[in-house]
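Okay, thanks for coming, everyone. Let me put the structure up, and then we'll walk through it together.

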Amino acid sequence: MTVRTEPRHVRPVPRWVLPTASTAALVLLVQLAVTVGVLPRSYVPAPSVIAGELAGLVTEMRTWGLVGNTIVAWAASLGVAIVLGTLGGVLFGSVRVVQAVLMPVIEFLRPIPSIAMIPLVVLTIGGGREGEVFLAGYAAFWQMLVAAVYATGSVDPVARDTARAYGFTLGQRLAWVTLPSMLPGLLTGVRIASATALIITITSEILIGAPGLGQGLNLARSGGDLPRMYAYVVAIGLVGLVLNGGLSALSRRLLHWHPSGRSR
């Protein structure tokens, strides 16, 4: 007589477990390396010391002001990049004449790093918020432009022609055919441009002294306060993690109908 057993269902491991465990293991490894002297304390403070300094930063109102300045500059530069990059990408990807005329200009400007433009920006725009937003927006613009060009090419010509044959207006074709087809590619471009905008925002704050977390990091470095400097580095990483998580959640919500949105 055979006994039938029901198959056991193994619960999947939550996605956050592995990243959290690997991060904790890395922190413990660095703590051990500093404790035994493998890493010199004069250059690498112990993670426990950095954590204590980070806790002190969190309680300071000035820190939250710096966070706010960084996020405002990031949002402004990303917004400019999204609008101009999307419009330019759609025009560039749809009109062959525009593509032929502007290709040499784009190929010349795109490889120029925005950091190389800092002297010119400081002389013309200034070293404040305006210059910071220009530099970060310029860098993020190219990410959105490329994403919009590829997104424009992803529109199904059969669906577009079918909508036109059924008498859809231009607005209806944009709302029901073009934009849904472009949205996955555009949202991918937004996430890439977001990371670029944050990197250049922090870099601008360090190099030109615009108010933000980068400025706080640079002041701590100038004062020789390594634990505080590393605490600012961790704070910048946490801000980037939160911003990326928010954009990922927004992307899943907007793409709930798309296979890429359901698989995340």
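Let's warm up with one residue: is Glu60 buried, partly exposed or exposed? Find it in the loop between H2 and H3. Before you commit, keep in mind that this is a predicted model. Right, Glu60 has a relative accessible area of 28%, so we call it partly exposed, since buried would need under 20% and exposed over 50%. To get a feel for distances, jump from there to Ala140: that's 80 residues along the sequence, and 31 Å in space, C-alpha to C-alpha.

Now, the inside. The largest nonpolar core has 48 residues. The ones with the most contacts inside that core are Trp74, Leu135, Trp142, Met144, Leu186, Leu213 and Tyr232. Quite a few helices chip in with at least two residues each, including H3 (61-94), H8 (170-208) and H10 (226-254). The top contributor, though, is H6, which gives 11 residues.

Take Met144 as an example. If you ignore its neighbours within four places in sequence, Met144 touches Ala81, Ile82, Gly85 and Thr86, and also Leu186, Gly189, Val190 and Ala193.

Okay, aromatics. Searching the whole structure turns up three aromatic pairs. One of them is Phe134 with Tyr138: the ring centres sit 6.3 Å apart and the planes are at 20 degrees, so that's a stacked pair. These two are four residues apart in helix H6, so about one helical turn separates them. How covered are they? Phe134 is partly exposed at 34%, while Tyr138, at 14%, counts as buried. Tyr138 also pairs with Trp142, this time edge-to-face, with 5.9 Å between centres and 90 degrees between planes. Again, that's four residues along H6, about one turn. Trp142 has a relative accessibility of 10%, so Trp142 is buried. Add Phe141, and you have one aromatic cluster made of Phe134, Tyr138, Phe141 and Trp142.

Last stop, the surface. Which residues make up the nonpolar patch there? Leu91, Val95, Val97, Val101, Leu102, Val105, Phe108 and Leu109, and together they have about 690 Å² of accessible area. Helix H4, residues 96-109, gives the most to that patch, with six residues. Leu102 is in H4, and at 36% relative accessibility Leu102 comes out as partly exposed.

That's my tour, happy to go back to any of those spots.

Technical notes. Residues are numbered from 1 along each chain as its sequence is written. This is a predicted model: local features need pLDDT of at least 70, side-chain atom pairs count only at pLDDT 80 or more; totals for chains, interfaces and linings use all residues. Side-chain values use heavy atoms; hydrogens and water are left out. A nonpolar core is a set of buried Ala, Val, Leu, Ile, Met, Phe, Trp, Tyr and Cys residues joined through side-chain atoms within 4.5 Å. Buried means under 20% relative accessible area, exposed over 50%, partly exposed in between (1.4 Å probe, protein chains only). Contact means heavy atoms within 4.5 Å. Patches are made of residues with over 30% relative accessible area and no salt bridge: like charges are joined within 9 Å, nonpolar side chains (Val, Leu, Ile, Met, Phe, Trp, Tyr) within 5 Å. Accessible areas come from the Shrake-Rupley method with a 1.4 Å probe; for residues, only the protein chains shown count as cover. A salt bridge is a side-chain nitrogen of Lys or Arg within 4 Å of a carboxyl oxygen of Asp or Glu. Rings of Phe, Tyr and Trp (its six-membered ring) pair if their centres lie within 6.5 Å; planes under 30 degrees apart count as stacked, over 60 as edge-to-face and the rest as tilted.
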